Amino acid sequence: DGTTLKQSLGVPAHGMYNFVYVSMEAQAQYATPLFFDGTVPAELSLQMQDGCPRLTATTSSKKKADKERVAHVNKQLDAIFAFNQVYFKQSREVWTQAQQMGADDLRGMIRAYDEAQQTISTDAEIGEGLKKYVDVWTYLLKQELVTVYNRYHTDAPLSATEMIGVSAPQKLDTPLALLHNGALNTAAQALPKGTLQDRLAYINEQYKSAEMKAGIQRILVDSYIRAYKFDKGYQEGLTLLEEATKKYGLDGQFVEKFKERVAAVPGAAFPDVALIDSDGQKVSLDKFKGKYVYIDLWASWCVPCIKEVPYLQELEKSLQNPNVVFVSISTDSTEKPWRDRMKQHN
């Protein structure tokens, strides 16, 4: 409490920042927006009130213009704090009481968000950028309410569109939505059921923002590839994806990613993967053709992986079979960490 943040920051295109912090008391991570429609103040005072961060711009300048500037910034910060207080209360309530809630309770919480947003949207002193940001934020928070509620009411789930009154494209079809971490996933989850082609067509028709369209497409196609049953019709799935790529201008990497998974088809040849060993030599797994290969994927930062090392070594020692080969592959992005771990654990 009372911490003063002194930081030289540039102003992004939308004037928005995300302030991310961890509450040790709640053992949770939170994020709150900061909005500056101009020069960022040199000093911000941070205080926590009921677990909610309150930032206040300060200045030691005696100049009238500087004082007016700080007062204007604080108008924005106070509006964010007031909205955040509603969010913190609602979030705690829905996560702890959703199981006992009814549809009317949920409607009351949705109205509370609408009222908090209305306070900001009708204030002439609040910048338009912040108003637009809060408009998207409000929609995402109302979506969260319905999602959490439905987790505990699977027998009678509620329609988010009916409860909120607008569809995802109506609120999220703007580059501003990308300032919210959950916007793309929310948009993807709100897609109507159907085939890959049907859902891509919906995205193409409903979203005009190129940034949002590309992001939702990426999530959808990644999900399609991950969930595809490669042993049920590899060629059919590949053809469908190639046609979709051509029709909707998707990134060609998706087709390549799909092709790489041909090894998932039972009976397919093992992929010829080349790796660099601890001596710096290139090794192809193809050299183990005709043997059973036990592959252990690990990383220097992965605690469960490291805990497994003694058991893997014990297994390798107990299974003295020339037809079985053990290969451990680090997924570290840099060399030193995995080399240090290798030495540490022999």
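**Largest pocket**

I started with the largest pocket and counted 36 lining residues, with Leu140, Gln143, Glu144, Gly182 and Thr186 lying nearest its centre. A note to myself before going on: this is a predicted model. The space in the largest pocket comes to about 950 Å³. Next I looked up which elements give two or more residues to this lining, and I got strand 3, helix 1, helix 3, helix 4 (160-164), helix 5 (168-172), helix 6 (183-189) and helix 7 (196-206). Helix 3 has the largest share, 10 residues. I also sorted the lining by class and wrote down 19 nonpolar, 13 polar and four charged residues.

**Second largest pocket**

Then I went to the second largest pocket, which has a volume of about 810 Å³. Its lining is made of 27 residues, and I noted Trp298, Val327, Ser328, Ile329 and Met342 as the ones that lie nearest the centre. The elements I found giving two or more residues here are strand 6 (274-276), strand 8, helix 11 (303-318), strand 9 (324-330) and helix 12 (335-344). Which element gives the most to the lining of the second largest pocket? I found that helix 11 does, with six residues. By class I have 17 nonpolar, six polar and four charged residues in the lining of the second largest pocket.

**Cavity**

I searched the whole structure for cavities of 30 Å³ or more and came back with one. About 50 Å³ of space lies in this largest cavity. I listed its lining as Thr32, Pro33, Leu34, Pro53, Leu55, Leu77, Ile80, Phe81 and Asn84. Strand 3 (28-35), strand 5 (52-58) and helix 1 (64-97) are the elements that give two or more residues to it. Helix 1 provides the largest share, four residues. How many residues of the cavity lining are nonpolar, polar and charged? I get seven nonpolar, two polar and no charged.

**Salt bridges**

I moved on to charges and found 12 salt bridges in the structure. I wrote up three of these pairs, beginning with Asp104 and Arg107, whose side chains meet at 2.8 Å, N to O. Both sit in helix 2 (residues 103-121), three residues apart, so about one helical turn separates Asp104 from Arg107. I checked exposure too: Asp104 is exposed, with a relative accessible area of 58%, while Arg107 is partly exposed at 37%.

My next pair was Asp114 and Lys142, a salt bridge with the closest N and O atoms 2.7 Å apart. Asp114 is in helix 2 and Lys142 in helix 3 (residues 128-152), so this pair ties together parts that lie 28 residues apart in sequence. Is Lys142 buried or exposed? I have Lys142 as buried, because its relative accessible area is 8% and the cut-off for buried is under 20%. Asp114, on the other side of the bridge, is partly exposed with a relative accessible area of 31%.

The last pair I wrote up is Glu128 with Lys131, where the side chains meet in a salt bridge of 3.6 Å, N to O. Here the residues are three apart in helix 3, so I again have a separation of about one helical turn for Glu128 and Lys131. I put Lys131 down as buried, with a relative accessible area of 14%.

**Surface patch**

On the surface I picked out a nonpolar patch of about 420 Å², made by Phe270, Val273, Val293, Ile295 and Leu297. I followed up one of its members, Val293, and placed it in strand 8 (residues 292-298). Why can Val293 belong to the patch? I see Val293 as partly exposed at 33% relative accessible area, and patch residues need over 30%.

**Gly233**

My last stop was Gly233, in the loop between helix 8 (210-227) and helix 9 (234-248). Its relative accessibility is 10%, so I count Gly233 as buried. I also took its distance to Ala187: the two are 46 residues apart in sequence and 29 Å apart in space, C-alpha to C-alpha.

Notes:
Residues numbered from 1 in each chain as written. Predicted model: local features only at pLDDT ≥ 70, side-chain atom pairs only at ≥ 80, totals over all residues. Heavy atoms only, no water. 1 Å grid on protein atoms, 1.4 Å probe; cavity = no way out; pocket = protein on both sides within 12 Å on 5 of 7 lines; lining within 4 Å. Points joined across faces, edges and corners; volume = space filled by probe spheres on them. Nonpolar A, V, L, I, M, F, W, Y, C, P; charged D, E, K, R; others polar. Patch = residues over 30% accessible without salt bridge, like charges linked within 9 Å, V, L, I, M, F, W, Y side chains within 5 Å. Areas by Shrake-Rupley, 256 points an atom, 1.4 Å probe, with all protein chains shown as cover. Salt bridge = Lys/Arg side-chain N within 4 Å of Asp/Glu carboxyl O. Buried < 20%, exposed > 50% of the residue type's maximum accessible area, 1.4 Å probe, protein only.
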